[in-house]
Amino acid sequence: MPVNTDESSVDPSTGTKIGNDENRNGNTDSGDLPINELFYSLQGEGVLAGTPSVFIRTSGCNLRCWFCDSYHTSWEPTHAWLSIEDIIEDVQSYPATHVVLTGGEPLIHDTSVELLDRLAECGYHTTVETNGTVYREGDIDLASISPKLASSTPTPERAPTGDGEWIESHEARRLDIETLATLIESYEFQLKFVVTDSDDLPEITDLLERIRAVTSTQIRNTDVLLMPEGATRSALDDTRETVAALAIEHGYRYTPRLHVDLWNDAPGT
C-alpha cells in the first residue's frame, strides 16, 4: 500500500506534519501515524531473514544517511496519515504472524508505542527497525538496532540532494551510547551494521567496546550482524563478498539483503 502526501506539509527534519494539531516531535492529537507504505513480503535482513512479514513503514527520520534505501521517508518524506485501527485492519488482511515496524526512524513518533501495544494484543511478533538513537518503552519482541557509522555521513559528494547541509546534524545525532545500551538492556536485540568497506570495521570494534563498557547485558559476537551496503543487486555485487569475508574474519554474523537479491529495488518488497 504505497501512500504519500504533499511534501510541503511535513517538517523536513522529522517527516512529520506541520500544523496546529501536531508539534515538531511527531505527536498528533488524532493519534495517527505518517505511513509511507504498508506491504506483505519476506523479511530480508537479520536473524529472521526469510520470514513472511507485514511491513509498516513510517515516514520521518532524525538522520540522513547518504545510502538510505527509503529516500521517501527521510530525504523527501511522503506519507498518508493512518489511524491505529486502520493500520491494524490492513495488517490483519495478510496471512502473517510477524510485523516489522520500520522507517525512516519509527521511534521518533510517540504513537508508534500505541501501535506496538495493539499489535501485541493481537498476538503479533514485532520487530522494530531503529537507528538506536531513540528509546521507547513498548511491546517490542526484537529490537533490530542499526547504529550508523561515520561512513553514513551525507558529505556533498555522496548526499542524494543538497550540498552537505545535513552533515552537522547527522554527525551530532547518529550515535548515542546511552540509548543504545538502554535498548539492548530492554529488549531481545540484534546489532546490524551497514558496511561499505573494510574501513568500517575498526569503528565497529570500537563502538562495541564502548557499549559493552556501559551495559551488563552480554553482547555476543553472534549478536552482531554485518550487512553489505547496497539497495540494488549490482551495488551488492560490489560489497557482499567483502562483507562476508569480514564477518568470517571477526566472528560476526553475515546478513544478506534477501529482498534486494530477489526483487532488486522494487517498492513494496
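# Questions on a predicted nine-stranded model

In this predicted model, buried residues make up 54% of the 269 residues in the protein.

Biologist: How many helices and strands make up the secondary structure of the protein, and in what order do the strands form the sheet?

Modeller: The secondary structure comes to seven helices and nine strands. The nine strands form an open sheet with mixed pairing, and its edge strands, each pairing on one side only, are β3 (80-82) and β9 (253-254). Read across the sheet, the order is β3-β1-β2-β4-β5-β6-β7-β8-β9.

Biologist: In which sense do strand β1 and β3 pair, and which residue in β3 stands opposite Pro34?

Modeller: Strand β1 covers residues 33-42, and its pairing with β3 is antiparallel, over three bridges. Within β3, which is one of the edge strands, the residue opposite Pro34 is Trp81.

Biologist: Is Thr58 buried or exposed?

Modeller: Thr58 belongs to strand β2, which spans residues 52-58. Leaving aside residues up to four places away in sequence, Thr58 touches a set of residues that includes Pro34, Thr73, Leu101, Gly103, Gly104 and His109. The relative accessibility of Thr58 is 0%, and because buried means under 20%, Thr58 counts as buried.

Biologist: Which peptide bond is cis, and what is its omega?

Modeller: Gly104 has its place in the loop between β4 and α2, and both Gly103 and Gly104 are among the residues that Thr58 touches. The cis peptide bond joins Gly103 and Gly104, with an omega of about 15°.

Biologist: Why is β5 described as largely enclosed by the rest of the structure?

Modeller: On one side, four bridges join β4 to β5 in a parallel run, with Leu101 standing opposite Val128 in β5. β5 also pairs in the parallel sense with strand β6 (residues 142-145), again over four bridges, and there the bridge partner of Thr130 is Ile145 in β6. The description rests on burial, so the answer is a count: of the six residues of β5, those that are buried number five.

Biologist: What handedness does the β-α-β unit made by β4, α2 and β5 have?

Modeller: Helix α2 (residues 111-121) lies across β1, β2, β4 (98-102) and β5 (125-130), and runs at about 175° to β4. Just after α2, Gly123 takes a positive phi of about 90°. The unit that β4, α2 and β5 make is right-handed.

Biologist: Which elements do the buried residues of α2 pack against?

Modeller: The buried residues of α2 are Thr111, Ser112, Val113, Leu115, Leu116, Arg118 and Leu119. The elements against which they pack are β1, β2, α1, β4 and β5.

Biologist: At what angle do the axes of helix α1 and α2 cross, and what does that make α1 in relation to α2?

Modeller: The axes of helix α1 (residues 84-92) and α2 come within 10 Å and cross at roughly 40°, which makes α1 oblique to α2. The contact is made by Ile84, Glu85, Ile87, Ile88 and Val91 of α1 together with Thr111, Glu114, Leu115, Arg118 and Leu119 of α2. α1 passes α2 in a right-handed crossing, and the relation asked for, at roughly 40°, is therefore oblique.

Biologist: How far apart are the C-alpha atoms of Leu225 and Gln190?

Modeller: Leu225 lies in strand β8 and counts as buried because its relative accessibility is 1%. Beyond residues up to four places away in sequence, Leu225 touches Gly46, Val47, Gln190, Leu191, Lys192, Phe193, Arg253 and Thr255. Leu225 and Gln190 are 35 residues apart along the chain, and their C-alpha atoms are separated by 7.2 Å.

Biologist: Which strands does helix α6 lie across?

Modeller: Helix α6 takes in residues 233-250 and runs at about 155° to β8. The strands it lies across are β7 (189-195), β8 (224-228) and β9.

Biologist: Is Asn264 buried, partly exposed or exposed?

Modeller: Asn264 is found in the segment after α7 (258-263), and it has a positive phi of about 60° although it is not a glycine. The relative accessibility of Asn264 is 25%, and because the buried class ends at 20% and the exposed class begins over 50%, Asn264 counts as partly exposed.

Technical notes: Residues are numbered from 1 along each chain as its sequence is written. This is a predicted model: local features need pLDDT of at least 70, side-chain atom pairs count only at pLDDT 80 or more; totals for chains, interfaces and linings use all residues. Side-chain values use heavy atoms; hydrogens and water are left out. Helices (H or I, at least four residues) and strands (E, at least two) are DSSP runs, numbered from the N terminus. Buried means under 20% relative accessible area, exposed over 50%, partly exposed in between (1.4 Å probe, protein chains only). Contact means heavy atoms within 4.5 Å. Two strands pair if DSSP finds at least two bridges between them. Axes are lines fitted to C-alpha atoms, for helices over the stretch in contact, and angles run from 0 to 180 degrees between N-to-C directions. A crossover is right-handed if, with the strands pointing away from the viewer, the path from the first strand over the helix to the second runs clockwise. Angles under 35 degrees count as roughly parallel, over 145 as roughly antiparallel, 65 to 115 as roughly perpendicular and the rest as oblique. A crossing is left-handed if the near helix is turned anticlockwise from the far one by less than a right angle, and right-handed if clockwise.
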